[in-house]
Amino acid sequence: MGLDVEKVRAQYPALADGRAWLDGAAGTQVPEPVIEAISDAYRAGLSNVGGPYESSRRSSGIVAEARSAVADLVGAPDPACVAFGPSMTSLTYRFAGVLALGWNPGDEIVVTNLDHDANVRPWVQLAQRAGATVRTAEIDPATGELPVENVAGLIGDRTKLVAVTAASNLLGVMPDLKPITDRAREVGALSYVDGVQHCPHAHVRIEDLGADFYATSAYKWAGPHLAAVVAADPWGLQNLHPDKLAPSPESSPERFELGTNPFAAMAGAVAAVEHLAGLDTDATGTRAERLAVSRKAVVAHEEQLANRLFEGLAALSGVRRHGAPRGSVTPTAFFTVPGKAPADVSAALSERGLSVSAGHSYAWELVHALGVGPEGGVRASLSHYSTADEVDRLLTALDEITG
């Protein structure tokens with residue numbers, strides 16, 4: 001049967017309000033199974049791990065299930081390679097702090113101006129403190145693409161780390177990562193991949209990407225907030241020793257997780273992965289196998305909608321879409337309306353029952369590279385529960401606003 005979008009949408013209470021929720025890149029809505037999983041965890045009772053009673057054992061079980069579920073989702077080699085944190089930003093600062101301990105003056109760090117600032121600023125700040133040199137790979141401003149050679153050409157014998165996105169949160173561009181991560185490994189450098197916008201729109205296999213570290217956030221793929229993840233190859237966690245409290249666990253990945261984990265949110269993350277695995281009703285087998293089938297169905301659905309959106313925007317003379325990538329993209333469009341502030345366009349669309357984002361979306365270097373500046377633009381971003389009718393509603397509304 002594949003992806004039955006109406007059946008999927010029926011599981012999302014927020015979608016019943018009649019609005020077109022076209023801001024998935026800012027965070028998806030949450031299906032009923034996730035809401036129930038979080039509520040059930042609290043109803044049953046939770047305690048911190050390590051206690052000789054049922055509520056503590058329940059929390060320990062949730063943590064183990066969450067690591068296993070996310071490992072299936074991103075293709076991590078082992079659940080022990082999955083570290084949780086409250087946000088991708090906080091986790092990236094956490095990992096930057098420990099990775100930078102080995103940096104010295106003369107070492108080099110490579111970042112890109114395609115990335116969300118969460119995969120730029122932590123590395124820049126830590127490099128500056130270490131006296132290391134930061135090299136920035138530039139996009140092609142005409143297409144928004146990040147050519148492999150623009151990144152790989154900056155990687156040399158002194159490179160310690162390459163930070164690169166798997167999908168732009170603003171343009172939807174999905175760089176060809178494997179040649180970049182392969183080049184990093186050739187010189188003994190590590191790669192830190194921002195998968196926050198990639199994971200919701202792809203079947204992720206960390207090994208295929210060549211990523212040493214892959215970061216994602218559950219609230220971008222139908223899960224709750226406060227459940228972000230960095231998944232790494234076994235070496236990546238076993239050989240790093242971050243600062244921690246003296247009595248905190250020495251084991252990995254626990255030593256990367258500051259304080260008490262959000263057990264109920266982690267239960268919600270498990271339910272979200274199960275939900276994603278069941279989006280294609282014909283999918284059978286293990287969770288990992290069902291995810292592979294369901295993710296394929298999602299990609300096909302979103303590609304159709306994205307093409308409809310991109311072609312429709314191109315036909316509107318009063319709208320300028322930024323970036324026209326020729327390669328793989330997520331169903332995300334970033335555009336401006338000449339003579340109108342992005343915030344005003346977003347507000348006008350909201351009055352018509354359409355939720356879209358406006359601003360720079362923390363793609364700080366990118367908005368400057370595109371020439372739009374801090375005011376940014378308007379971003380429409382589709383999800384697996386988006387429909388062709390919603391895309392058409394957006395295009396009609398933009399035609400009204402710009403006509």
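This is a short tour of aromatic rings and one glutamate in a predicted model.

**Stop 1: Tyr12 and Tyr385.** The structure holds 6 aromatic pairs, and we begin with one of them. Select Tyr12 and Tyr385: their ring centres are 4.9 Å apart and the planes meet at 55°, so this pair is tilted. Now colour by position along the chain. Tyr12 sits in the loop between helix 1 (5-9) and strand 1 (20-21), while Tyr385 is in the loop between strand 13 (377-381) and helix 14 (388-402), so the pair links parts of the chain 373 residues apart. Switch on the surface, and you will find that Tyr12 and Tyr385 are both buried.

**Stop 2: Glu390.** Keep Tyr385 displayed and add Glu390, which it touches. Glu390 belongs to helix 14, and its relative accessibility is 4%, so it counts as buried. Look for the backbone nitrogen of Thr387, 3.1 Å from a polar atom of the Glu390 side chain. Other residues in contact with Glu390 include Arg9, Arg19, Trp21 and Leu354.

**Stop 3: Trp123 and Tyr192.** Next, select Trp123 and Tyr192. Both are buried. How are the two rings arranged? They form an edge-to-face pair, with 4.9 Å from centre to centre and 65° between the planes. Trp123 is in helix 5 (residues 121-130) and Tyr192 in strand 6 (residues 190-194), so the pair ties together parts 69 residues apart in sequence. Then add Phe95, Trp103, Phe213 and Phe256 to the selection: with Trp123 and Tyr192, they form one aromatic cluster.

**Stop 4: Phe310 and Arg321.** Finally, centre on Phe310. Arg321 lies over the face of this ring, 3.8 Å from the ring centre.

How values were computed. Residues are numbered from 1 along each chain as its sequence is written. This is a predicted model: local features need pLDDT of at least 70, side-chain atom pairs count only at pLDDT 80 or more; totals for chains, interfaces and linings use all residues. Side-chain values use heavy atoms; hydrogens and water are left out. Rings of Phe, Tyr and Trp (its six-membered ring) pair if their centres lie within 6.5 Å; planes under 30 degrees apart count as stacked, over 60 as edge-to-face and the rest as tilted. Helices (H or I, at least four residues) and strands (E, at least two) are DSSP runs, numbered from the N terminus. Buried means under 20% relative accessible area, exposed over 50%, partly exposed in between (1.4 Å probe, protein chains only). A charge sits over a ring if NZ of Lys or CZ of Arg is within 6 Å of the ring centre and within 35 degrees of the ring normal. A polar contact is a pair of N or O atoms within 3.5 Å; within protein, one must be able to donate a hydrogen and the other to accept it, and residues adjacent in sequence count only if both atoms are side-chain atoms. Contact means heavy atoms within 4.5 Å. Lists of a residue's contacts leave out its neighbours within four places in sequence.
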